[in-house]
Amino acid sequence: MGNGETEKTKATEGRLTGREPPSSHESKRRRSLPGGAMADRFFPNDFPDFVAEAEAPGGDGDRRPAGVRGLLSLPYARLSDRFLRAARRLKDKVVEETWVKAGRQVTDYTLYTGALGTALLLFKSFRVTGDRGDLALAADIVHACDDASRGLPRRFLTFICGRAGVCALGAVIAKHCDDQLRVTQYLSSFDEITITEKVPNELLYGRAGYLWACLFLNKHLSEKTIPLEHINSVAKDIIREGRKLSSKGSSPLMYEWHGKKYWGAAHGLAGIMHVLMHTELKLDEQDDVKNTLRYMIKNRFPSGNYPSSEGNESDRLVHWCHGAPGVALTLAKAYEKADEFIAEGAMHGGDRPFSLFEGKAGMAYLLLDMVDPSESRFPAYEL
């Protein structure tokens, strides 16, 4: 291939991806890495940049063009109504599968894959619709989660996978139920949670996950529910532990999970930094967090992907369902074929097909978020 053809190919690739074509040095680096061939694969984005709202002929919002473009052309008030109807049907199915069919008994109490995720979905539905039936049911489920999680080892102390999540969400729901006695009981149980030196620092099972529960309580109850001194103490411990593993010329903060220095949002740097950014830090601690994030940005792959752990040179494409095109397609299908979403086996992406983080409860939560996107929050990650 001649030089002219090579430049033409690069220019075409740039138009398809919306980014500058890689230099020859970058291309060689990608091909030399495990998974480099995947990193060189780009796909055009066929979605329109903007679709104007427009009623269908005759003002009937149901008669519209098929596909995503027709979906996006609906006035948002009409579109959000469709999202809400689909969300409520899907929410009812989640409750039936995770609560009613389980005999109103809890084995997995966690927010991640268990009944507490159903409770959070119901609480989200209450906040969107004002349906106090959802609130009362959420309170019942959290109470069952509380019973199921009592007496567990103290290492189960986070918001997503531990007692802290049960107590924090329970207290907030009890407040909305005007049940001050239950609020006091949940907060008392929360105070019994202790952090030992052997506790890791990550979000799913460690200090950052406990710290998030503290922040959640202060956000939804009052700023003084968990004393600022306690929050600062936990944050200080996380910073101190991160400095121990850092080395000259690398990230100012670094953490290990089962012997690996992960970068991700569940067990690694991204999740821990995310929580620390929600806390009041001293200037030197703020600098460590900022410079850790800069380190991650500086050391990402030329493709824009991030390694899964420190020193991992495998550059892989992000799964389609984690990107904007996947979200758009998912929302379109949720609107057009909501009943199929509720059908048995649909959307089964994990071992818990109706759970918040692996299944249909997560989709119902997303649809509720889409009713008013300005108020959307990623569950258990955004306050």
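pLDDT is the predictor's confidence in each residue, on a scale from 0 to 100. The exercises below concern a predicted model.

**Exercise 1. Confidence along the chain**

Determine where the pLDDT is below 50 and how many contacts the model has there.

*Solution.* Begin with the chain as a whole: its mean pLDDT is 81, and 74% of the residues reach 70 or more. Next, consider the extremes among the elements. Confidence is lowest in helix 1 (residues 3-17), with a mean of 39, and highest in helix 6 (residues 115-129), at 98. Then locate the stretches in question. In residues 1-42 the pLDDT is below 50, and the model gives this stretch 42 contacts beyond near neighbours in sequence. Over residues 318-348 the pLDDT likewise stays under 50, with 54 contacts beyond four places in sequence.

**Exercise 2. Overall composition**

State how many helices and strands the protein chain has, and what percentage of its residues are buried.

*Solution.* The secondary structure consists of 16 helices and 0 strands. Of the 383 residues, 43% are buried. To complete the picture, turn to the contacts with a separation of 6 or more: 58% of them join residues 24 or more positions apart.

**Exercise 3. Helix 5 against helix 16**

Classify the relative direction of helix 5 and helix 16, and describe the residues of their contact.

*Solution.* Two packed helices are described by the angle between their axes and the distance between the axes. For helix 5 (residues 76-100) and helix 16 (residues 360-371), the angle is about 155° and the axes lie 8 Å apart. Angles over 145 degrees count as roughly antiparallel, and helix 5 and helix 16 are therefore roughly antiparallel to each other. The crossing of helix 5 with helix 16 is left-handed. On the helix 5 side, the contact includes Tyr-76, Phe-83, Leu-90 and Val-94; on the helix 16 side, it includes Lys-360, Met-363, Leu-367 and Val-371. By class, the residues of this contact comprise 14 nonpolar, 1 polar and 2 charged.

**Exercise 4. Helix 5 against helix 6**

Carry out the analysis for helix 5 and helix 6, giving the angle and the distance between their axes.

*Solution.* The angle is about 150°, and the axes are 10 Å apart. Helix 5 is therefore roughly antiparallel to helix 6. Helix 5 passes helix 6 in a left-handed crossing. Among the residues in contact are Arg-88, Lys-91, Val-95 and Thr-98 of helix 5, together with Thr-118, Leu-122, Ser-125 and Thr-129 of helix 6. The contact of helix 5 with helix 6 divides into 6 nonpolar, 4 polar and 2 charged residues.

**Exercise 5. Two loop residues**

For Gly-268 and Pro-307, decide whether each is buried or exposed, and list the contacts of each beyond four places in sequence.

*Solution.* Take Gly-268 to begin with. This residue is in the loop between helix 11 (228-245) and helix 12 (269-276). The cut-off for buried is under 20% relative accessible area; Gly-268, at 1%, therefore counts as buried. Its contacts are Glu-202, Tyr-262 and Trp-263. Glu-256, 12 residues away in sequence, has its C-alpha 7.4 Å from that of Gly-268.

Now take Pro-307, in the loop between helix 13 (283-298) and helix 14 (324-336). Its relative accessibility is 8%, so Pro-307 counts as buried. Pro-307 is in contact with Trp-263, Asn-299, Arg-300, Phe-301 and Asn-312. Between Pro-307 and Met-296, 11 residues apart along the chain, the C-alpha separation is 9.1 Å. Trp-263 appears in both contact lists, that of Gly-268 and that of Pro-307.

Technical notes: Residues numbered from 1 in each chain as written. Predicted model: local features only at pLDDT ≥ 70, side-chain atom pairs only at ≥ 80, totals over all residues. Heavy atoms only, no water. Axes fitted to C-alpha atoms, helices over the stretch in contact; angles between N-to-C directions. Helix = DSSP H or I, 4+ residues; strand = E, 2+ residues; numbered from the N terminus. Parallel < 35°, antiparallel > 145°, perpendicular 65-115°, else oblique. Left-handed = near helix turned anticlockwise from the far one by under 90°. Contact = heavy atoms within 4.5 Å. Nonpolar A, V, L, I, M, F, W, Y, C, P; charged D, E, K, R; others polar. Buried < 20%, exposed > 50% of the residue type's maximum accessible area, 1.4 Å probe, protein only.
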